[in-house]
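Biologist: I should like a close look at one part of this model, namely the long-range packing of its helical region, set in the context of the whole chain. Please give the answer as one connected account.

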Amino acid sequence: MADEANRTAFMELQARMFDTTGKIKQLQTQMRSKEGEKKRAYLTLEELRQLPDDTNTYKTVGKVFILEPKSVLLNEQEQKFNESESAIASMQTSKEYLEKQVGEVENNIRELLQQDPGLARQILSMTVQ
């Protein structure tokens with residue numbers, strides 16, 4: 001009976017581990033995307049700042065270019081840059097939380113396997129086959 005309970009607990013911990021690591025990978029992908037957005041906004045800002053104030057600047061909307069004042073484009077790029085930075089910071093916090101959860105699950109699995117060496121042997125025999 002206890003053997004079956006330990007096996008069930010192990011399966012639940014394993015599922016939690018896979019779920020959490022999947023979430024971490026997804027967050028890392030989102031963070032890379034936001035880093036790209038942030039870099040594009042920064043580079044665009046740098047180029048816009050070098051232009052004289054009376055320069056005609058255009059905003060792309062699909063395949064159309066719309067004449068916009070330089071100040072509007074600067075504000076939009078600054079907003080994109082700031083939003084990307086805050087999103088990255090938020091994602092980093094979430095990632096750190098998920099990494100703590102992975103560590104806790106690893107410790108729980110380790111404790112479970114130390115308590116029930118028979119379960120460890122069963123798991124090893126399943127992976128070897």
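Modeller: A residue is called buried here when its relative accessible area is under 20%, exposed when that value is over 50%, and partly exposed in between. By that criterion, 23% of the 129 residues in the chain are buried. The model is a predicted one, and what follows should be read accordingly.

The overall framework comes before the detail. The chain contains 3 helices and 2 strands, and from the N terminus the order of these elements is α-β-β-α-α. The radius of gyration is 25 Å, well over the 14 Å that the globule rule gives for 129 residues, so the chain is more spread out than a compact globule. Taken along the principal axes, the box filled by the C-alpha atoms is roughly 80 × 25 × 20 Å. Of the contacts between residues at least 6 apart in sequence, 70% join residues at least 24 apart.

The part you ask about can be followed residue by residue, starting with Thr20. Thr20 belongs to helix 1, which covers residues 2–50. With a relative accessible area of 5%, Thr20 falls under the 20% limit and is therefore buried. Once residues up to four places away in sequence are set aside, Thr20 touches Leu98, Gln101 and Val102.

Lys95 offers a view from the other side of the packing. Lys95 is placed in helix 2, residues 70–115. Its relative accessibility is 16%, so Lys95 also counts as buried under the 20% limit. Beyond its neighbours within four places in sequence, Lys95 is in contact with Leu27, Gln28 and Met31. Helix 1 spans residues 2–50, so these three partners of Lys95 lie within the numbering of that helix.

Further along helix 1 is Glu37. Glu37 has a relative accessible area of 32%, a value between the two limits, and is therefore partly exposed. The C-alpha atom of Glu37 is 6.8 Å from that of Ser84, although the two residues are 47 apart along the chain.

Gln77, in helix 2, has several partners. Its relative accessible area of 13% is under 20%, and Gln77 is therefore buried. Leaving out neighbours within four places in sequence, the residues in contact with Gln77 are Arg40, Ala41, Thr44, Leu45 and Leu48. For one of these, Thr44, the C-alpha separation from Gln77 is 7.1 Å across 33 residues of sequence. Leu43, which is found in helix 1, has its C-alpha atom 9.4 Å from that of Gln77, with their positions 34 residues apart along the chain. At 45% relative accessibility, Leu43 lies between the limits of 20% and 50%, so Leu43 counts as partly exposed.

The strands form a hairpin. Strand 1, residues 57–61, and strand 2, residues 64–68, run antiparallel and are joined by 5 bridges. Thr57 has Glu68 as its bridge partner in strand 2, and Thr60 stands opposite Phe65. There are 2 residues between the strands of this hairpin, where Gly62 adopts a positive phi near 70°.

Helix 3 comprises residues 117–128 and includes Gly118. Gly118 has a relative accessible area of 23%, above the 20% limit for burial and below 50%, and is therefore partly exposed. Its C-alpha atom lies 8.2 Å from that of Asp3, a residue 115 positions away along the chain.

The surface and the charges complete the account. The accessible surface of the chain amounts to about 9400 Å², and 54% of this belongs to carbon and sulfur atoms. The chain carries 18 positive and 21 negative side chains, with the centres of the two sets 4 Å apart.

To return to your request, the contacts of Thr20 with Leu98, Gln101 and Val102, those of Lys95 with Leu27, Gln28 and Met31, and those of Gln77 with residues including Arg40 and Leu48 give the long-range packing in this part of the model.

Key: Residues numbered from 1 in each chain as written. Heavy atoms only, no water. Pairing = 2+ DSSP bridges. Helix = DSSP H or I, 4+ residues; strand = E, 2+ residues; numbered from the N terminus. Buried < 20%, exposed > 50% of the residue type's maximum accessible area, 1.4 Å probe, protein only. Contact = heavy atoms within 4.5 Å. Rg over C-alpha atoms; globule rule 2.2 N^0.38 Å. Areas by Shrake-Rupley, 256 points an atom, 1.4 Å probe, with all protein chains shown as cover. Lys, Arg positive; Asp, Glu negative; His and termini not counted. Charge placed at Lys NZ, Arg CZ, Asp CG, Glu CD.
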